[in-house]
Amino acid sequence: MINSSRTALVGGVALLLLSACGGGPATPDASEAKSFTYWSMWEENEPQAQVLKSALDSFGKESGVQVKVEWQGRKVQQKLTPALRGGDVPDLVDQDGNKTWAPLAAAGQTRDLSGVYAAQVPGEGRTVAEVGPGKYQELVTGADGKPYMVPYEVIAFGLFYNGAAHPDIAAKPPVTWEEFTATLDRLKAGGHGPLAVDGDIGDYDAMWLVDLITRELGDGSFLKAASDKSAAAWDDPKVLSALGRAEKLAKGGYFVDGSFGSKFPAVQEKWAAGKADFLLMGTWAPSETQKSAGPAFAYRSFPFPSVGGAQSVRTSLIGFGIPKRAAHPELAEKFIAYFMKKDVLSGISAKALNITPRPDIAAPEPVADLAKALSTMPTAPWFDGADGLPNYSVEVFSPVATKLLSGKVAAADAVKELKDLQVKYWAKQG
Amino acid sequence: MWVFVAPALLLYAVFLLGPTAASVWVSLHAWDGIGEMRFKGAGNYTLLLRDEVFLKAFGNTLVLLVGGGVVVFTLSFALTMALRDMPGKRTVRSVLFFPNIVAPVVLSVLWGFLFQTDGLVNSGLAGVGVDDPPNWLGDHLFGLIFAGLVWMNTGFYVTILMAGVDRIPRYFYEDCALNGATAFQRLRHLTLPLTWDVVATSAVIWTVSSLKIFEFIYAFGGTANDLPPPDVWNSALFIFGKTFGGRVPQYAFGYASASAVATLLLIVVFVLLLRRVTRRERVQF
C-alpha cells in the first residue's frame, strides 16, 4: 500500500509539472466560475448516483452551473488525500462522516459549512438547518466548533427482526433490557439462539458492548472512557455491570450457532433465513439481506433497549463536504442547499431506499421504525464517536469485545484486558 | 557502455531506489500525508520496539517466513520424490500448481466456506462421528492462514524443484537402487547436491514472497471494510493498518514507513544469510 501512495505522489508531481507547463496560474474568469468539480463516493450505477445525477442535471438547468462529476466510488478518500497534498482539489466530495471528514477536519482541511446550514433551501422559505440537517449538526462539528459536513443520508442502528414471524413483538417492541431479555428467553426456549452476529467482524461485536455501556453510563461515556490515558474510567462498577450483561448473553447460549466461527455474511444470512430472530445492525441490513429473506419477510426494528435510563438512536451520516482549498466553494455550497429541497432529496428515500435527514420525507418501509425513532429520540454517534481514535477499535476494543461476546473471557477479565490494552495503546500515541 | 544501461537504471532509480530512500526519510517523521512532516528522529523506531501489535505482526511474519518455509520445502521435496517415478506426474503437478494461479482472495473465500461452523470440514467431521468439532475460524485463525499459505505455495515449489530433479540423469538413481540406498540417502547424497542451485534460488524467492503476503490474510481474516484481528497480522497488514486500512484509516505514514524499513532490513539480512549458507560449488553433471 505504501507503494500505491508513492505512485500517487509521483503522479501528483507529474501532474503539477504538466500544469506548470500550461502557463501561469489560471485566473478564474466568469465563464470558468460557472462550473465546479464533484468527486462522488458512489459508482455510477448505484441508486444514490442516479439520484445525484438527476439532481445535478436539474441544478445545472436552473442555475446555469455546470458540474464536472467523477464517480469515484468508495476509494474517493484514497484519491482525495494525495490531491489535498498537492494538485487539483475537487470542490465537492461526499463520504461517510467519521471516515472521511472527521480526520480531514481535524487536519484543518475542510471548509466551515455554517454558511450552508444558514442558507435558504431554494423555494421553501426555510434554511438547510431548519428543514432537517440541523438535528445532526452536532454530530458533524469539529473540535473548532464548525460543522464540516451536511448530511443527506442517515444511517440508524437498531435491532432488526421479521415482523411477519413475530407479530407479538411488532405490536409491542421491547423497550427496556428486562423486556428484551424476557423476549430472548421465550424465543430461546424454542430451541435456537435468538441473536445473530457476524462475530468475525470485530466492530459488530463491539457494537453490542458500546450500546450496553452507553445505555448504562450515558451517551458519550464510552468515548470519554476510551480517551482516558490511564484507562481508570473502566473501573466504574457500572462498566462491569454492563459487560456482565454481555457475559450472560454469551454464556447463556443466546447467540445462534456459528456466530463466532463463520465468515461474514453467513450469520446475517442465517438470520434472514429465519434461524435467528434479532440482528443488531445499521439501516443497510434490509438491502444486504433482501435476497435470502424473501418477499414474506417484513423488516421491523427498534433501537437498542434502555438500561435504567433513556433510549437514543445511534446514527452515522453520509453527506457533502468541501475541501478548504476548493476553487469554487460557493457554487458547491449552492448545490448542497439545492439538494436539500424536498422533491430532490426524496430520491434518496424513494430510489436509494435510505433515511434522509428531513423528517417530512417518508422513510422506506423496511427502515421506517428506526426513522420514526430518529424523529422522537436523541441521536448518538456510531461507536459513540470513538471511531475517530485511530485504530482504537481494531487494536483495543474489538478484540476484547469478541472474546467476551463469544464467551472466551468473563466480564471482570475483559475489563482487566481492556485496561491493559488501552494503557499500552495510549502510551504509543502522540 | 553506460548509455545502454541508462534507461533501465533510470527507471529503477525512479521507481525503486527513489521511493525506498523516500521511505527511509519519511520514517524519521510524523506525517499524515497531507500536512507538513514533523521530524521525530528515531522516535518511530523506538516506538515500534514497544508496540505489541507490531511485535506480534513481526513475529507472525517470522513464523510464516521460517516455519512456513520449512513446511513448504519439506512438503515440496517429499512430493517431488514421490512424484518422480509416478505415472501421470504431469497431471498431478498441474493439480498441485493450481492454487498458485487462482487469486488469493478467491482461495480465502473457499477456505472460509470449508472451515466455518456449518462448513464442509465440520460436516465431514460430523459424518465420521465427531460431535464437538473445533471452532476453526474463531480459535485457530492464524493456524488456518498458515495452512492455507502452505497449500497455496507448495505446488509452485514442487514445480520448480521437479524441473531441477528432472535434469538429473536416471542412471544415478538406478545406481542408488543397485547399491541399496534408502530414500533419505538418495535425497541427501544425490538429489540435494545436484539441485542445490535450484533450492538456493527457491529459498530466496520464498523469503521475499513470504514477506509480501497480504491478500490471503486480509481477505480471509477481514472483510472489504474491516481489518482482520491484530493477532493474525503480519508486517504487511500492519503497514496497511497504519495507513489506509480499517473503517477510519489512520494515515500514519511516518510510522508505517518505519515498520516497512524494519521489514526491508529483515529481508536483506535473511537473503544475505541464505546466500551465505547456501553458497557452494555447483556440481557439474
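What follows is a short working chat about a predicted model with chains A and B.

Student: Ground rules before we start: what is the numbering, and what are the confidence cut-offs?
Tutor: Residues are numbered from 1 along each chain as its sequence is written, and chains are lettered from A and ligands numbered from 1 in the order in which they are written. The model is predicted, so local features need pLDDT of at least 70 and side-chain atom pairs count only at pLDDT 80 or more, while totals for chains, interfaces and linings use all residues.

Student: What are the ipTM and pTM?
Tutor: The model scores ipTM 0.86. Its pTM is 0.87.

Student: And what is the average pLDDT of each chain?
Tutor: Chain A averages 90, and 92% of its residues score at least 70. Chain B averages 90, with 100% of residues at 70 or above. pLDDT is the predictor's confidence in each residue, from 0 to 100.

Student: Where in chain A does pLDDT stay under 50?
Tutor: Over residues 1-31. The model has 26 contacts beyond four places in sequence for that stretch. A contact means two C-beta atoms, placed from the backbone, within 7 Å.

Student: On to the interface. How many residues does each chain put in?
Tutor: Chain A gives 35 residues and chain B gives 38. On chain A, α1 (2-21), α3 (76-85), α4 (97-106), α9 and α17 (392-405) each supply at least two. Helices here are DSSP runs of H or I with at least four residues, strands are E runs of at least two, and both are numbered from the N terminus.

Student: Which of them gives the most?
Tutor: α3(A), with four residues.

Student: What is the class make-up on the chain A side?
Tutor: 12 nonpolar, 12 polar and 11 charged residues. Ala, Val, Leu, Ile, Met, Phe, Trp, Tyr, Cys and Pro count as nonpolar, Asp, Glu, Lys and Arg as charged, and the others, Gly among them, as polar.

Student: Back to α9(A). How does it cross α11(A)?
Tutor: The axes of α9 (202-217) and α11 (237-251) of chain A come within 9 Å and cross at roughly 140°. That makes α9(A) oblique to α11(A). Axes are lines fitted to C-alpha atoms, for helices over the stretch in contact, and angles run from 0 to 180 degrees between N-to-C directions. Under 35 degrees is roughly parallel, over 145 roughly antiparallel, 65 to 115 roughly perpendicular, and the rest oblique.

Student: Which residues meet there?
Tutor: From α9(A), they include A:Trp208, A:Leu212 and A:Glu216. From α11(A), A:Lys238, A:Leu243 and A:Arg245 are among them. The contact divides into nine nonpolar, one polar and three charged residues.

Student: Any backbone oddities in chain A worth a look? Which peptide bond is cis?
Tutor: The one joining A:Phe264 and A:Pro265, with omega about 5°. A:Pro265 sits in the loop between α11 and α12 (266-272) of chain A. Most residues other than glycine have a negative phi, and most peptide bonds are trans.

Student: Where is A:Ala231, and what is its phi?
Tutor: A:Ala231 is in the loop between α10 (221-226) and α11 of chain A. Its phi is positive, about 65°, although it is not a glycine.

Student: Is A:Ala231 buried or exposed?
Tutor: Buried, because it has 21 C-beta neighbours inside 10 Å. Buried needs 20 or more other C-beta atoms within 10 Å, exposed means 12 or fewer, and partly exposed is in between, with C-beta atoms placed from the backbone.

Student: What about the phi of A:Asn391?
Tutor: Positive too, about 60°, and A:Asn391 is not a glycine. A:Asn391 lies in the loop between β9 (379-381) and α17 of chain A. A:Asn391 is buried, with 23 other C-beta atoms within 10 Å.

Student: Switch to chain B. How many helices and strands?
Tutor: 14 helices and two strands. Of its 285 residues, 35% count as buried.

Student: How do α11(B) and α14(B) pack?
Tutor: α11 (196-211) of chain B packs on α14(B) at about 170°, with the axes 10 Å apart. They are therefore roughly antiparallel. The contact has eight nonpolar, two polar and no charged residues.

Student: Last one: what does B:Phe142 touch?
Tutor: Beyond its neighbours within four places in sequence, B:Asn60, B:Asp231 and B:Val232. B:Phe142 lies in α8 (141-166) of chain B. With 18 C-beta neighbours inside 10 Å, B:Phe142 counts as partly exposed.
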